Amino acid sequence: MDLPKGPRQHRPEPMGARIADVPMVTVRYWAAAKHAAGVAEETVDAATLAEALDAAAARRLARSSFLVNGEQAAARAAEAVPLAEGAVIEVLPPFAGG
């Protein structure tokens with residue numbers, strides 16, 4: 001089957017999203033989480049906490065606690081935590097005790 005020659009037609013992005021529409025957020029690591037991640041801070045493009053964790057070194061730190069703009073994110077699934085442009089995610093290592 002021969003394809004037509006000439007300029008390619010534009011294909012829409014999935015679900016109408018463009019890279020420019022995805023917020024850029026900062027992920028900061030503290031204490032043992034910083035050591036485990038190998039960095040103190042990184043910037044990723046993500047619309048939800050789940051996307052940020054997938055894109056960041058935090059994916060290796062599933063047992064950690066997460067704060068989004070100073071608010072605990074533990075009460076909701078990471079997929080249900082939306083992120084805005086400039087959001088800051090704090091990754092805290094698991095704490096001993098109880």
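Which residue forms a salt bridge with Glu41? In this predicted model, the partner of Glu41 is Arg28, and the closest N and O atoms of the two are 2.9 Å apart.

## Overall fold

The protein chain contains two helices and five strands. Read from the N terminus, the order of these elements is β-α-β-α-β-β-β.

The protein chain has 98 residues, and 32% of them are buried. About 7300 Å² of the chain is exposed, with carbon and sulfur atoms supplying 55% of that area. Contacts between residues at least 6 apart in sequence can also be sorted by separation: 58% of them join residues at least 24 apart.

## The salt bridge between Arg28 and Glu41

The count of salt bridges in the model is two. One of them is the pair named at the start, Arg28 and Glu41, with 2.9 Å between the closest N and O atoms. Arg28 belongs to strand 1 (residues 24-29) and Glu41 to strand 2 (residues 41-45), so this salt bridge ties together parts that are 13 residues apart in sequence.

How accessible are the two residues? Arg28 has a relative accessibility of 30% and therefore counts as partly exposed. Glu41 is also partly exposed, because its relative accessible area is 45%. Both values fall between the limits of 20% for buried and 50% for exposed.

## The salt bridge between Arg28 and Glu90

Arg28 also meets the side chain of Glu90 in a salt bridge, with an N to O distance of 3.6 Å. This pair links distant parts of the chain: Glu90 is in strand 5 (residues 88-92) and Arg28 is in strand 1, 62 residues apart.

Is Glu90 buried or exposed? Glu90 counts as buried because its relative accessibility is 14%, and the limit for buried is under 20%. Taken together, Arg28, Glu41 and Glu90 are linked in a network of salt bridges.

## Thr26 in strand 1

Strand 1 also holds Thr26. Its relative accessibility is 17%, so Thr26 counts as buried.

Which residues does Thr26 touch, leaving aside those up to four places away in sequence? Thr26 touches Glu41, Glu42, Thr43, Ala87, Val88 and Ile89. Among them is Glu41, the residue that forms a salt bridge with Arg28.

Methods: Residues numbered from 1 in each chain as written. Predicted model: local features only at pLDDT ≥ 70, side-chain atom pairs only at ≥ 80, totals over all residues. Heavy atoms only, no water. Helix = DSSP H or I, 4+ residues; strand = E, 2+ residues; numbered from the N terminus. Buried < 20%, exposed > 50% of the residue type's maximum accessible area, 1.4 Å probe, protein only. Contact = heavy atoms within 4.5 Å. Areas by Shrake-Rupley, 256 points an atom, 1.4 Å probe, with all protein chains shown as cover. Salt bridge = Lys/Arg side-chain N within 4 Å of Asp/Glu carboxyl O.
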